Amino acid sequence: MRTINIRVNGEAMSRSVDDRLSLADFIRDHCLLTGTHVGCEQGVCGACTLMLDSKPARSCITLAVAADGAEVRTVEGYDDDPLMRAVRTAFNRRHALQCGFCTPGMLATAYDILSRIAELDRDRIRAELGGNFCRCTGYLPIIQAIEDVYAQRVQSVVSKPVIEAAE
Ligand code: FES
Ligand code: FES
């Protein structure tokens with residue numbers, strides 16, 4: 001067991017955890033934030049993606065102890081965020097979710113794409129979504145939802161990213 005200090009959605013917490021506990025299980029079982037979904041548990045499907053120090057991370061293959069001192073943002077942590085509000089609205093409008101199992105990870109990745117990359121096209125969105133699997137939608141509505149928010153951003157409805165991707 002080890003004590004970790006971590007901020008989750010802005011709230012500081014200190015917990016004693018097993019060395020082998022995954023961050024996903026810590027978020028779900030210790031923080032009771034069940035919006036982070038666990039699918040493959042092997043770092044492949046992307047369902048468990050959350051933000052770790054403002055970068056997307058697969059929480060199923062990240063140990064909770066490795067997140068000691070870090071800032072974690074889960075799907076529950078965006079309520080006042082205008083970009084995430086725009087992404088959620090676009091997902092709803094485009095019917096970009098059906099069962100919703102992939103959706104928390106998709107939202108995190110979509111948020112990352114839109115906040116990190118200044119110039120987007122469909123091929124780039126497809127490539128960036130390559131680590132998030134969806135068994136329901138066929139991906140097109142998800143891509144269209146991201147395109148919609150990108151178009152709003154181009155029209156300055158949603159603020160532009162401050163960081164361009166390191167190519
Ligand atoms: S559950 Fe983490 S990548 Fe699939
Ligand atoms: S909406 Fe069902 S897996 Fe994506």
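This is a short dialogue on reading the sheet, the helices and the cysteines of a predicted model.

Student: In what order do the strands of the sheet stand, and how are they paired?

Tutor: In this model five strands form an open sheet, and the order is β2-β1-β5-β3-β4. The pairing is mixed. From one strand to the next the twist averages 40°.

Student: Which strands stand at the edges?

Tutor: An edge strand has a single partner strand, so one of its sides is left without a neighbour in the sheet. Here β2 and β4 (55-58) hold those places.

Student: How do the partners of β1 run, parallel or antiparallel? Take β2 to begin with.

Tutor: Strand β1 (residues 2-8) and strand β2 (residues 11-17) run antiparallel, joined by seven bridges. Two pairs can be located in the model: Arg7 has Ala12 of β2 as its bridge partner, and Ile6 stands opposite Met13 in β2.

Student: And how does β1 run with β5?

Tutor: Those two run parallel, with two bridges between β1 and strand β5 (residues 71-73). The bridge partner of Val8 in β5 is Val72.

Student: Where do side chains point along a strand?

Tutor: Along a regular strand they alternate between the two faces of the sheet.

Student: How many residues lie between the strands in the hairpin of β1 and β2?

Tutor: There are two residues between the strands, and Asn9 takes a positive phi near 50° in this hairpin.

Student: Which strands do the helices lie across?

Tutor: Helix α1 (residues 23-30) lies across β1, β2, β3 (49-52) and β5, and runs at about 110° to β2. Helix α3 lies across β3, β4 and β5, at about 45° to β3.

Student: At what angle do α3 and α5 pack?

Tutor: A helix pair is read from the angle and the distance between the axes. For helix α3 (residues 103-116) and helix α5 (residues 140-154) the angle is about 35° and the axes are 11 Å apart. The crossing is right-handed. Met106, Ala110, Ile113 and Leu114 of α3 make the contact with Ile142, Ile146, Val149, Tyr150 and Arg153 of α5. Of these residues, eight are nonpolar, none is polar and one is charged.

Student: How many disulfides does the structure hold?

Tutor: It holds zero disulfides.

Student: Are Cys60 and Cys99 buried or exposed?

Tutor: The cut-offs are under 20% relative accessible area for buried and over 50% for exposed. Cys60 counts as buried because its relative accessibility is 13%. Cys99 has a relative accessible area of 57%, so Cys99 is exposed.

Methods: Residues are numbered from 1 along each chain as its sequence is written. Chains are lettered from A and ligands numbered from 1 in the order in which they are written. This is a predicted model: local features need pLDDT of at least 70, side-chain atom pairs count only at pLDDT 80 or more; totals for chains, interfaces and linings use all residues. Side-chain values use heavy atoms; hydrogens and water are left out. Two strands pair if DSSP finds at least two bridges between them. Helices (H or I, at least four residues) and strands (E, at least two) are DSSP runs, numbered from the N terminus. Axes are lines fitted to C-alpha atoms, for helices over the stretch in contact, and angles run from 0 to 180 degrees between N-to-C directions. A crossing is left-handed if the near helix is turned anticlockwise from the far one by less than a right angle, and right-handed if clockwise. Contact means heavy atoms within 4.5 Å. Ala, Val, Leu, Ile, Met, Phe, Trp, Tyr, Cys and Pro count as nonpolar, Asp, Glu, Lys and Arg as charged, and the others, Gly among them, as polar. A disulfide is a pair of cysteine sulfur atoms within 2.5 Å. Buried means under 20% relative accessible area, exposed over 50%, partly exposed in between (1.4 Å probe, protein chains only).
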